[in-house]
Amino acid sequence: MQNAPESSLVGQEYEVEVGPVAHGGHCVARTQDGRVLFVRHALPGEKVVAKVTEGEEDSRFLRADAVQVLEPSKDRVEAPCPYAGPGKCGGCDWQHAKPGAQRRFKGEVVAEQLQRLAGLTPEEAGWDGTVMPAPGDKLPAGEVPAWRTRVQYAVDADGRAGLRKHRSHEVQPVDHCMIAAPGVSELGVEKRDWPQMATVEAIAATGSNDRQVVLTPRPGGRLPLVELDKPVSVLRVEERDGSVHRVHGRAFVRERADERTYRVGMGGFWQVHPQAADMLVKAVMQGLLPRKGDMALDLYCGVGLFAGALADRVGEKGAVLGIESGKRAVEDARHNLQHFDRVRIEQGKVESVLPRTGIDEVDLIVLDPPRAGAGKQTVNHLASLGARRIAYVACDPAALARDLAYFREGGYKPRTLRAFDLFPMTHHVECVAILEPAAKGS
Ligand SMILES: C[S@@+](CC[C@H](N)C(=O)[O-])C[C@H]1O[C@@H](n2cnc3c(N)ncnc32)[C@H](O)[C@@H]1O
């Protein structure tokens with residue numbers, strides 16, 4: 001083990017008043033000698049003892065855990081999960097906050113990012129400032145929605161399944177992850193030993209009984225005989241190059257959304273909350289209002305979720321082009337949407353495929369990029385296509401806010417913005433912004 005440098009402040013304790021929530025699942029605090037702390041396990045307005053977990057004398061900021069709460073917030077609850085807390089599981093950030101307060105914090109983070117990176121107030125973004133829970137997730141304090149339909153367990157040196165600690169490779173073994181969906185828990189992954197495995201991902205599809213585990217052996221590790229409490233298909237990930245191989249059963253699971261079944265194969269992307277795909281399709285379609293005959297783009301289209309919904313609505317005279325970089329996801333999208341003559345799925349990165357298509361005019365655009373967002377080049381290109389409306393689905397409010405600023409340079413402004421709590425207990429939040437040409441509304 002490496003020794004900490006002499007200038008390390010790890011272990012140092014500060015008594016601090018806790019300030020606002022910041023993006024990333026922590027609050028900001030300032031020590032008496034002016035140091036900035038990002039404190040986990042604290043809540044705004046509390047007085048806590050914060051113990052430094054990362055940082056040195058000359059660091060711009062220090063990371064810390066609240067190890068003692070001197071004056072608790074009225075938003076605080078006893079964390080329902082025994083694995084939540086300083087130095088334990090890194091999966092949930094807000095187990096110690098009331099559910100309503102969690103959503104309020106997420107709203108504050110979205111508002112702060114919009115203001116700081118795009119210069120937008122909630123009103124200017126067309127947002128009422130709220131973060132909406134999924135139906136059924138509004139539970140009394142102390143109860144936890146079991147929403148994670150995909151859980152990647154890490155395996156410790158003794159072969160026990162668990163979850164990684166915050167910003168660490170260390171594994172916190174767990175008997176039961178409270179946010180795992182019943183379909184995941186029923187498999188019994190946590191009760192079994194997984195010697196020679198690095199990770200075990202459990203997937204419980206929504207709208208079908210398909211269950212799958214995706215095993216990643218350690219280098220040289222041998223695959224176990226997989227005997228779980230429910231029948232599953234099994235995939236294996238090659239540590240060396242990340243390639244995924246079918247071991248037994250189907251190579252995909254069937255997910256349902258917007259009254260259609262989607263095949264999602266070989267570890268391809270699908271929304272994790274069981275209600276998310278439906279809720280997002282609804283928000284996007286309500287915002288875009290597709291018309292028969294429209295030409296639409298679905299960028300970063302995964303297995304074709306929004307392309308399918310658009311294809312239904314633009315009809316036979318319309319057309320949809322999906323672009324997705326994952327080769328297997330593209331195969332699935334083509335399979336899922338094969339009965340639509342006027343849907344085309346192109347494989348490759350949006351930034352290189354879109355210019356090659358030669359498309360210079362469209363009616364509608366959906367973009368649902370990964371956490372990094374779309375970036376200036378892609379946003380500039382999209383803003384030049386004359387779309388009537390653009391739906392931006394975002395899992396990172398910082399990337400969304402930055403891209404909204406680029407869209408403004410390109411002549412688009414948000415018409416509405418909605419925020420959804422599709423990751424309860426964590427700091428993550430999903431947003432859907434609907435944009436329109438600025439000239440239209442001004
Ligand atoms: C957040 S997921 C959205 C998938 C889909 N819209 C859905 O809701 O199921 C982002 C997708 O973008 C793909 N992707 C990542 N970077 C990309 C890029 N530069 N160009 C095209 N696709 C990309 C990923 O493989 C992933 O399928």
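Here is a short dialogue on reading some features of this predicted model.

Me: Let's start with the sheets. What holds the strands of a sheet together?

Reply: Strands of a sheet pair through backbone hydrogen bonds, and they can be parallel or antiparallel. In this model, 8 strands make an open sheet with mixed pairing, in the order S6-S21-S22-S20-S19-S16-S17-S18.

Me: Which strands stand at the edges of that sheet?

Reply: Strand S6 (131–133) and strand S18 (343–347) do. Each has a single partner strand, so one side of each is left without a neighbour in the sheet. From one strand to the next, the twist averages 20 degrees.

Me: Can I see an antiparallel pair there?

Reply: Try S20 and S22, which pair in the antiparallel sense over 5 bridges. To find your place, look for Ala391, which stands opposite Ile434 in S22.

Me: What packs on this sheet?

Reply: Helix H4 does, touching strand S16 (295–299), S17, S18 and strand S19 (364–367). The direction of H4 makes about 175 degrees with that of S17. Helix H5 (residues 327–336) lies across S17 and S18, and runs at about 170 degrees to S18.

Me: And where would I find a parallel pair?

Reply: Look at another open sheet, with 7 strands in the order S9-S8-S7-S10-S11-S12-S13 and mixed pairing. Its edge strands are strand S9 (171–173) and strand S13 (244–248), each pairing on one side only. The twist there averages 35 degrees from one strand to the next. Within it, strand S11 (residues 211–217) and strand S12 (residues 233–237) pair in the parallel sense over 4 bridges. Gln212 stands opposite Ser233 in S12.

Me: Now a helix. How do I read one?

Reply: An α-helix has 3.6 residues a turn, so residues three or four places apart point the same way. Take helix H8 (residues 397–409): its 13 residues reach 19 Å from the first C-alpha to the last, close to the 18 Å expected at 1.5 Å a residue.

Me: Is H8 enclosed by the rest of the structure or left open, and what covers its buried residues?

Reply: 10 of its 13 residues are buried, so H8 is largely enclosed by the rest of the structure. Among the buried ones are Leu400, Arg402, Asp403 and Phe407. The cover includes helix H1 (99–118), helix H7 (376–383), strand S20 (389–394), strand S21 (412–421) and strand S22 (430–437). After H8 comes Gly411, with a positive phi near 95 degrees.

Me: What should I make of a positive phi?

Reply: Most residues other than glycine have a negative phi. Asp258 is not a glycine, yet its phi is positive, about 50 degrees. Glu259 also has a positive phi, near 60 degrees. Asp258 sits in the loop between strand S14 (252–257) and strand S15 (260–265), and Glu259 is in the loop between S14 and S15 too.

Me: Are those two exposed or buried?

Reply: Count C-beta neighbours inside 10 Å. Asp258 has 16 and counts as partly exposed, while Glu259 has 11 and counts as exposed.

Me: Last one: what surrounds the ligand?

Reply: There are 18 residues around it, and the closest are Tyr300, Gly302, Ser325, Lys349 and Asp368. By character, the shell divides into 10 nonpolar, 4 polar and 4 charged residues. Helix H4 (305–314), strand S17 (319–324) and helix H6 (350–357) each supply at least two residues of that shell.

How values were computed:
Residues are numbered from 1 along each chain as its sequence is written. This is a predicted model: local features need pLDDT of at least 70, side-chain atom pairs count only at pLDDT 80 or more; totals for chains, interfaces and linings use all residues. The expected span of a helix is 1.5 Å times one less than its number of residues. A residue is buried if 20 or more other C-beta atoms lie within 10 Å of its own, exposed if 12 or fewer, and partly exposed in between; C-beta atoms are placed from the backbone. Two residues are in contact if their C-beta atoms, placed from the backbone, lie within 7 Å. A residue is near a molecule or strand if its C-beta atom, placed from the backbone, lies within 6 Å of it. Ala, Val, Leu, Ile, Met, Phe, Trp, Tyr, Cys and Pro count as nonpolar, Asp, Glu, Lys and Arg as charged, and the others, Gly among them, as polar. Two strands pair if DSSP finds at least two bridges between them. Axes are lines fitted to C-alpha atoms, for helices over the stretch in contact, and angles run from 0 to 180 degrees between N-to-C directions.
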